[in-house]
Amino acid sequence: MLISGIEALRAAAEGSYALPAINYINMEHLQAIIAAAEELRAPIVIQTSQNAIDYAGFEYLRDIGVGAAQRAKVPVALHLDHGKDLALNMRCIRYGWTSVMMDASLLPFEENVAAVREVTRAAHCLDISVEAELGFIGGKEGDADAGDIYTKAEDACRFFDESGCDSLAIAVGTQHGLYKGEVKIDYQRIREIKEAVGGRPLVLHGTSFVPLEMVAQAIDCGINKVNFDSELKMAGMKAIRGYLAENPDAYDLRKMNRPMMAAMKEVAMEKIRICKAEGKSWLK
Ligand code: G3H
Ligand code: ZN
């Protein structure tokens, strides 16, 4: 069932779990993610990055996302991940997404607030949630040379108040994609931000390859939505490589895709469990 991001965030807060949010770029990824959520009876967020939209095409990605969500036996929100410009956010609001992210985190604070406020004004008329980002989460989504700028608790509160956003991605040590060294999360900072914003929803990005116990601890400190992408893709690619090594003459793409989907589903299930979203679907 396709649900609004606002409803998904509300249910997660009431049910004391974090929303697992997983990116897809094609039908097979989507089917693997939905299969994992259905098997565990978990609400889930499926998300499309701007790069995925460029790759698959806006309508195709939307149609398969909406179609999968409507047919799913669990609640599914369709989210725009790291939407960098107003036009794409507005297009997603207009054409079927139930949650968007206005990521203006590279802009100065006031300009970030202004950009998010503009999106929020339109999105809330349609019960669509808006995620924003404050601080700098390193890795592939941004300029890693800019260095990590962690989110400050007092800024986060003012940001929520002035932008009207529904959830906020915070920079607390995670980064997108592979980690060069050991992962370090500033748990104390999460706690301080959570308190400063009066319990409003916080989002953790770049959670692939973060040890599960660290993800669990971040959630305990106040994270309400957790984004996973690269780890699923990597698991899928590994399965494809394994299949091709054993079947070098294979030509039936379906046979190659099956192990990929199984591997991605397995990672998705692990992430759903660590979010404590298992069994939290309210659908019959
Ligand atoms: O916005 C997407 C996420 O933050 C995914 O990051 O690829 O490190 O899991 P990841
Ligand atoms: Zn991200």
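Here is a short conversation about the two ligand sites of this predicted model.

Reader: Glad to look at this with you! What makes His82, His176 and His205 the donors of the zinc ion (ligand 2)?

Author: Donors are N, O and S atoms within 2.8 Å of the metal (3.2 Å for Na, K and Ca), and water is not among the atoms, so sites may look incomplete. His82 (NE2), His176 (NE2) and His205 (ND1) lie 2.1 Å from the zinc ion, and they count as its protein donors. Their spacing in sequence is H-x93-H-x28-H.

Reader: Why does the pair His82 and His205 tie together parts that are 123 residues apart in sequence?

Author: His82 sits in the loop between strand 3 (76-81) and helix 5 (86-94), and His205 in the loop between strand 7 (202-204) and helix 9 (212-221), so the pair links those parts. Helices (H or I, at least four residues) and strands (E, at least two) are DSSP runs, numbered from the N terminus.

Reader: How do you know which polar contacts Asp81 and Ser208 make with ligand 1?

Author: A polar contact is a pair of N or O atoms within 3.5 Å. A polar side-chain atom of Asp81 lies 2.6 Å from an oxygen atom of ligand 1, and one of Ser208 lies 2.5 Å from an oxygen atom of the ligand. Both pairs meet the cut-off. The protein covers 99% of the 310 Å² of accessible area that ligand 1 has on its own, by the Shrake-Rupley method with a 1.4 Å probe.

Reader: Which conventions apply?

Author: Residues are numbered from 1 along each chain as its sequence is written, with chains lettered from A and ligands numbered from 1 in the order in which they are written. Local features need pLDDT of at least 70, side-chain atom pairs count only at pLDDT 80 or more, totals for chains, interfaces and linings use all residues, and side-chain values use heavy atoms, with hydrogens and water left out.

How values were computed. A polar contact is a pair of N or O atoms within 3.5 Å; within protein, one must be able to donate a hydrogen and the other to accept it, and residues adjacent in sequence count only if both atoms are side-chain atoms.
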